[in-house]
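Hi everyone, thanks for coming. Could you bring up the structure on the screen, please?

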Amino acid sequence: FTGTGRRKDLLVKDRYWNLWAVHHDGQVLWHWEGSTGHYPAVADIDGDGCDEVFVGYALIDQDGSVLFARDPGGEHQDAACVVKPPDGRWRLLFGNGGIHCLDTDGTVLWHHKLTEAQHVVAGAFRPERGPVQFAVLDRGHPRGTDAPATLYLYDLDGTELWKQTQGPGSWA
């Protein structure tokens with residue numbers, strides 16, 4: 001967060017509501033309170049040499065100022081991924097009751113309703129379909145519903161390229 005050219009500051013969060021940026025000497029740089037979810041993602045999104053934090057449904061600058069925050073609608077973030085494909089346009093992805101792809105200003109680029117998206121990973125899984133795709137694991141619900149676990153593959157525009165559904169009662 002301090003832009004030293006080497007990542008040595010820390011990001012600390014509690015279960016769901018507080019996030020702290022901590023200088024490598026132990027000094028708290030800033031605190032943010034909101035729906036943190038499980039997995040913040042960190043990257044220098046604005047190119048200023050300091051990292052931003054994509055957490056919950058918000059993007060926070062290195063100084064703790066909120067660049068955007070959206071209402072999570074009663075959900076919390078179960079997965080997060082930030083990626084800058086060769087087109088130079090950052091994509092911010094998070095999973096909960098769906099998979100959401102946002103622009104850096106918080107604009108929703110695309111969204112798919114799912115049961116409970118627990119993981120999202122960017123990679124060149126199908127190079128013939130572009131430089132980057134997103135693998136998304138919808139874990140399903142083993143407790144009282146029949147929604148099975150399903151693995152999806154989406155392209156940069158959110159087009160579903162592939163899915164593999166597990167058998168009844170599956171959970172991932």
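I'll talk about a sheet first, and then about a single residue. One thing before we start: what you see is a predicted model.

Okay, the sheet. Four strands make it up, and it's an open one, with the strands in the order 8-9-10-11. The pairing is antiparallel. So which strands sit at the edges? Those are strand 8, residues 79–83, and strand 11, residues 108–113. Each of these two has a partner on one side only. If you go from one strand to the next, the twist averages 10°.

Let's zoom in on one pair. Strand 9 covers residues 91–95 and strand 10 covers residues 98–102, and 4 bridges join them. They run antiparallel, as I said for the sheet. If you'd like one bridge to look for on screen, take Leu93: its partner in strand 10 is Cys101.

Now for the single residue, Asn18. You'll find Asn18 in strand 2, which spans residues 18–22. Is Asn18 buried or exposed? Buried, because its relative accessibility is 16%, and the cut-off for buried is under 20%.

What does the side chain of Asn18 make polar contacts with? One is with the side chain of Asp14, at 2.7 Å. Another is with the side chain of His31, at 2.6 Å.

And His31 turns up again if we list contacts while skipping the neighbours within four places in sequence. On that list, Asn18 touches Val12 and Lys13, and then His31, Trp32, Glu33, Gly34 and Thr36.

That's my part, so over to you for questions.

Technical notes:
Residues are numbered from 1 along each chain as its sequence is written. This is a predicted model: local features need pLDDT of at least 70, side-chain atom pairs count only at pLDDT 80 or more; totals for chains, interfaces and linings use all residues. Side-chain values use heavy atoms; hydrogens and water are left out. Two strands pair if DSSP finds at least two bridges between them. Axes are lines fitted to C-alpha atoms, for helices over the stretch in contact, and angles run from 0 to 180 degrees between N-to-C directions. Buried means under 20% relative accessible area, exposed over 50%, partly exposed in between (1.4 Å probe, protein chains only). A polar contact is a pair of N or O atoms within 3.5 Å; within protein, one must be able to donate a hydrogen and the other to accept it, and residues adjacent in sequence count only if both atoms are side-chain atoms. Contact means heavy atoms within 4.5 Å.
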